[in-house]
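Welcome, and thanks for opening your viewer. Let's walk through this model one selection at a time.

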Amino acid sequence: MKQLLHLIINSLYTNPEIFLRELISNSSDALNKVRFMQVKGEEVHAPKLPLQIKIEVDHEKNLFSIEDTGIGMSLDDLTDRLGTVASSGTMKFMEQLKENGSKAEGDLIGKFGVGFYSAFMVTDKVTVETRHAQIDDAARKWVSDGKGTYEVEETDRTDRGTKISFVFKEEHKDFALDHKIKQLIRKYSNFVDFPILVNGEEVNSTTALWHKSKSEIKEEELNEFYKFISNDFEDPLGHLHLSMEGRINFKALLFVPKRKKPDFFRTEELTSLQLYSNRVFVQEDCKDLLPEYLRFLEGVVDSEDLPLNVSREVTQYSPVMTKIREVLVNKTLSLIEEWAEKEPETFYTFYKEFGPLFKSGLQSDFGNRDRLIELLRFQSTRTAGASDKETENESMVSLKTYAERMPEKQKEIYYLSGNRLEDILLDPRLEYFKKKNIEVLLLSDPVDAFLVPGLGTYQEKPLKSIEKADLDLDTDEEEEKDSLSGELLEQVINAFREAGKDRLEDVISSRRLVESAVTLTIGKEGMDSHLEKMMQMMDKSTGQSKKVLEINPSHPVIVKMGTYLKEQKQEMVQLMAEQLFESALLMQGDLDSPGTFVQRMNRLLEKL
Ligand code: ADP
């Protein structure tokens, strides 16, 4: 017994306040049983007694009592259940503990009921007075110090049910405060569906909403409930009400908030759902109910398939939990898919608030990868010009829509990432695509900059950053008239190679520039430049990949370089090459030495 008590106090429950939850839960069970007898039409003692739980505390005398009008306990119950904690299951548990050394295995703890004994965390001696609901049973009083012995005697109690009373240990005196006990009830047992009275006052006003059928629940009730559990002041954006029966039984009420909480992006502070076991609160923030990317959800899950004293280990490894989680993820994705299809406004409100977190699921939930990919939305060169914010949102594009409107000749899906949409739109590398009317996805959300390169392909079409030098562009077009070519172009290219030596992977003549003279692209193996910058911010040791410089042979400045070459003005050509190369670096925010840049520009102006 001592060992068991030690175990209860030190490893099962680290938190003494839950003694109250355990006792209320026992009372609630007892009330459920008597209600069940009555429903079946069995005769019970004192049938008119209201089904309720009465708690009395007296801070001065340091007293606590909890009394229910439940089924009560017979002599056998008192001796077999309360008397010998060493009921068969418990004994086995103890033996197994010995075999495994002293380490308590998670699922063993889960199978093990010790609720009543948790009272010995806060007291040294418990008195139980009880009268069974059977008509002809006697009332009894049971007293124990929880150390292996107990005494039972008959008493003259007339009411049906059980009263448990004790004096708090000195260090737990605070539990005898009226407001303290009420606060704990609101925290742990608010949805017990029998009235709980503390010193005569009913405390639990809220009923277990999720146990009602959908048609019984009014929208206001849902909203109130949501606000109660989330501390939000706004109504939720939407909700899910689940009631699963069969191989796995649980009920759940989940809410998608309209807005994220202020500290939302500190993922370690993301809360999760509340877990109930048969209406009795078990865990505040049950992380194992949802994957991280769905932790914007608020709500409760109530399953009768989980033991009440579930520990962290139990929720983590239990197959019941895994199954519940699977269902929750599946239903949540269905809800969001439905929004995407039928309620774009709701969908975009959601996407704007929780998109970044939600999208991160692509990197963790491989089972739902395909579904998540379909829910991605992007700005693009087609959508970003839209006049007002609203239509801009609604015209964001999915990969599916993008693929559908790709011209037949186009073989790849193009994107460009950057810090702000406004800046990306000014990128010279977009010129060719704008001119050719090829849609480019514009990724200004940092999460996208990480995610999209990792997608690889969509419907067998490669996703490619237009920063890449190896784009599969359609090139069968007539040569521009004033374009530089042949030997002169080669020499100009060489001048650029000289200007960028050590800093460039290559210099090539490119057809994709329209208004700019040069631009930097990345080689086959290189990383998107925006992504690279973010990586460098996080990890200073990330190196910079070498770029490819593409030059526009029909740009007047490049053509002019050809002219200077013909006139033997080599020095001028070299200066221009250096200046153009560095202005491309400047455009990308990669120019190391503005001083040299400006000096060279002044020399150029002077020469001209
Ligand atoms: P568990 O509730 O997990 O079975 P407990 O130690 O909490 O374990 O309770 C042991 C048993 O004592 C219960 O199964 C129940 O039969 C009996 N019991 C405890 N509290 C009450 C109560 N208030 N009314 C009737 N029976 C009770």
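Start by selecting helix H17, residues 486-499, together with H20: their axes come within 8 Å and cross at roughly 60°. Keep in mind as you look around that this is a predicted model. Angles under 35 degrees count as roughly parallel and 65 to 115 as roughly perpendicular, with the rest, below 145, oblique. H17 and H20 are therefore oblique to each other. Turn the view so that one helix lies in front of the other, and you will be looking at a right-handed crossing of H17 and H20.

Keep H20 on screen and swap H17 for helix H19, residues 556-566. H19 and H20 pack at an angle of about 155°, and their axes are 8 Å apart. Angles over 145 degrees count as roughly antiparallel, and H19 and H20 are therefore roughly antiparallel to each other. What is the handedness where H19 passes H20? The crossing is left-handed.

One more partner for H20: add helix H21, residues 594-607, and show H20 over residues 570-587. The two pack at an angle of about 140°, with 10 Å between their axes. That angle makes H20 oblique to H21. The crossing of H20 and H21 is left-handed.

Now move to the ligand. Select the residues around it and you should have 13 of them, of which Asn26, Asp68, Arg81, Phe116 and Thr162 come nearest. Colour this shell by class to see 5 nonpolar, 6 polar and 2 charged residues.

Which helices each supply at least two residues of the shell? Highlight helix H2 (18-39) and helix H3 (75-83) to see them. H2 gives the most, with 3 residues.

Next, switch on distance labels for some polar atoms:

- Asn26: a polar side-chain atom lies 2.7 Å from an oxygen atom of the ligand.
- Asp68: here a polar side-chain atom is 2.9 Å from a nitrogen atom of the ligand.
- Phe116: look at the backbone this time, where a polar atom is 2.8 Å from an oxygen atom of the ligand.

Finish with a surface on the ligand. On its own, the ligand has 530 Å² of accessible area, and the protein covers 79% of that.

Terms used:
Residues are numbered from 1 along each chain as its sequence is written. This is a predicted model: local features need pLDDT of at least 70, side-chain atom pairs count only at pLDDT 80 or more; totals for chains, interfaces and linings use all residues. Side-chain values use heavy atoms; hydrogens and water are left out. A residue is near a molecule or strand if one of its heavy atoms lies within 4 Å of it. A polar contact is a pair of N or O atoms within 3.5 Å; within protein, one must be able to donate a hydrogen and the other to accept it, and residues adjacent in sequence count only if both atoms are side-chain atoms. Accessible areas come from the Shrake-Rupley method with a 1.4 Å probe; for residues, only the protein chains shown count as cover. Helices (H or I, at least four residues) and strands (E, at least two) are DSSP runs, numbered from the N terminus. Ala, Val, Leu, Ile, Met, Phe, Trp, Tyr, Cys and Pro count as nonpolar, Asp, Glu, Lys and Arg as charged, and the others, Gly among them, as polar. Axes are lines fitted to C-alpha atoms, for helices over the stretch in contact, and angles run from 0 to 180 degrees between N-to-C directions. A crossing is left-handed if the near helix is turned anticlockwise from the far one by less than a right angle, and right-handed if clockwise.
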